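This report describes the fold of one protein chain, from its overall dimensions to the pairing of its strands. The sequence and coordinates are shown first.

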Amino acid sequence: MGKALERRAMTAVVDDICDSVGDDPTAVLKVTRLKKKNEYTYLHCVAVSALMIALGRHLKLGEDTVRELGLAGLLHDIGKMTIPTDLLEKPGRLTAAEFEIVRAHPENGYAMLMEDNMSSIVHDVILHHHEKLDGSGYPHRLSGDSITLHARIGAICDVYDAVTSKRSYKRQWTPSEALTQMRSWTGHFDPEILDAFMRCISIYPIGLLVRLRSNRLAVILTENVTRPTEAMARAFYLPRELQFIEPADVRLSSGLKGDAVVEIEDPERWFPGEWEGVRDAVLSGQQPTFATLGDLSAATVAS
Ligand SMILES: [Fe+2]
Ligand SMILES: [Fe+2]
């Protein structure tokens with residue numbers, strides 16, 4: 001995610017992935033074979049595994065479940081073993097026929113592991129990480145509650161890693177760009193789990209309303225590309241006093257010291273019907289007041 005490598009954190013991730021694989025030689029062998037076939041898919045699976053472990057823990061799912069999520073992440077694209085390498089590495093758009101072949105990977109992966117003694121979480125994530133909440137995903141066009149929590153977690157971690165990865169044929173998205181895009185695809189991801197994912201990796205899209213540790217509401221202002229967890233936010237409102245304040249820029253801190261995001265806030269709760277006006281005023285450096293808000297929204301309507 002563009003952060004400097006921290007040896008201690010890396011060891012923890014490796015430990016977690018090792019725990020997930022446990023002493024299951026089938027899983028290890030399958031992942032190793034995937035590495036030989038396609039390096040990118042292998043690295044993607046390792047990244048998705050680490051993200052799913054982190055998100056599972058953030059959601060307080062219990063260590064047994066977290067371990068299964070890690071294994072599910074590691075194996076989620078194992079069905080890509082069945083796709084010809086030149087198709088896996090084809091730059092640019094796929095033809096409809098090629099796309100059909102690629103779209104078979106969840107079912108092929110599921111079939112590959114059916115005889116192995118894997119948990120239902122692993123099977124479920126392999127088969128359903130491309131389903132979407134609105135029913136437009138594949139392979140089963142599942143919608144709403146028929147998509148499990150584990151598959152929803154898998155879907156978010158999978159797409160986040162895919163779009164922020166470097167491929168020869170496309171520009172990688174920055175973490176904040178990725179989250180902006182992912183939030184805009186309504187009907188794709190579970191919005192509550194996506195919020196939890198942002199808090200989990202401490203990365204937020206520009207324009208998001210958040211509450212800071214200093215108990216001020218702020219708008220995420222800019223992204224720090226080299227240190228994504230240290231973005232700038234502009235504090236502008238005291239939620240306890242229900243009062244606008246002179247906007248003040250804050251560098252978010254990823255450590256325990258300094259100011260940090262503690263919650264993602266619902267703009268409609270604080271500024272019903274007025275949020276766009278408030279946000280635009282704050283982003284342009286003005287201090288909104290409730291008295292001017294009527295004017296701002298009237299101006300928006302008039303234009
Ligand atoms: Fe996939
Ligand atoms: Fe994937």
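What percentage of the 303 residues of the protein chain count as buried? The share that counts as buried is 33%. This value, like the others in this report, comes from a predicted model.

**Overall dimensions**

The protein chain holds 14 helices and 5 strands. Its radius of gyration is 21 Å, close to the 19 Å that the globule rule gives for 303 residues, so the chain is as compact as a globular protein of that length. Taken along the principal axes, the C-alpha atoms fill a box of roughly 65 × 45 × 35 Å. Contacts within the chain can be sorted by sequence separation: among those between residues at least 6 apart, 58% join residues at least 24 apart.

**The sheet**

The 5 strands form an open sheet in the order E4-E3-E2-E1-E5, and the pairing is antiparallel. Strand E4 (243-251) and E5 are the edge strands, each of which pairs on one side only. On average, neighbouring strands of this sheet are turned by 35° against each other, direction ignored.

Three of the pairings are set out below, each with one pair of residues that stand opposite each other.

| Strand pair | Bridges | Opposite residues |
|---|---|---|
| E1 (residues 209-212) and E2 (residues 217-222) | 3 bridges | Arg-211 and Leu-217 |
| E1 and E5 (residues 261-264) | 3 bridges | Leu-212 and Val-261 |
| E2 and E3 (residues 232-238) | 5 bridges | Ile-220 and Ala-233 |

E1 takes part in two of these rows: E1 runs antiparallel to E2, and E1 also pairs with E5 in the antiparallel sense. In the first of these pairings, Arg-211 faces Leu-217 across the strands as its opposite residue; in the second, Leu-212 stands opposite Val-261. In a regular strand the side chains alternate between the two faces of the sheet.

E1 and E2 form a hairpin, with 4 residues between them. Asn-215 lies in the turn of this hairpin and has a positive phi of about 55°.

On its other side, E2 is joined to E3, again antiparallel, by 5 bridges. Ile-220 of E2 stands opposite Ala-233 in E3.

**A helix on the sheet**

Which strands does helix H13 touch? Helix H13 (residues 275-283) packs on the sheet and touches E2, E3 and E4. The direction of H13 makes about 55° with that of E2.

Methods
Residues numbered from 1 in each chain as written. Chains lettered and ligands numbered in written order. Predicted model: local features only at pLDDT ≥ 70, side-chain atom pairs only at ≥ 80, totals over all residues. Pairing = 2+ DSSP bridges. Helix = DSSP H or I, 4+ residues; strand = E, 2+ residues; numbered from the N terminus. Axes fitted to C-alpha atoms, helices over the stretch in contact; angles between N-to-C directions. Contact = placed C-beta atoms within 7 Å. Rg over C-alpha atoms; globule rule 2.2 N^0.38 Å. Buried ≥ 20, exposed ≤ 12 C-beta atoms within 10 Å, placed from the backbone.
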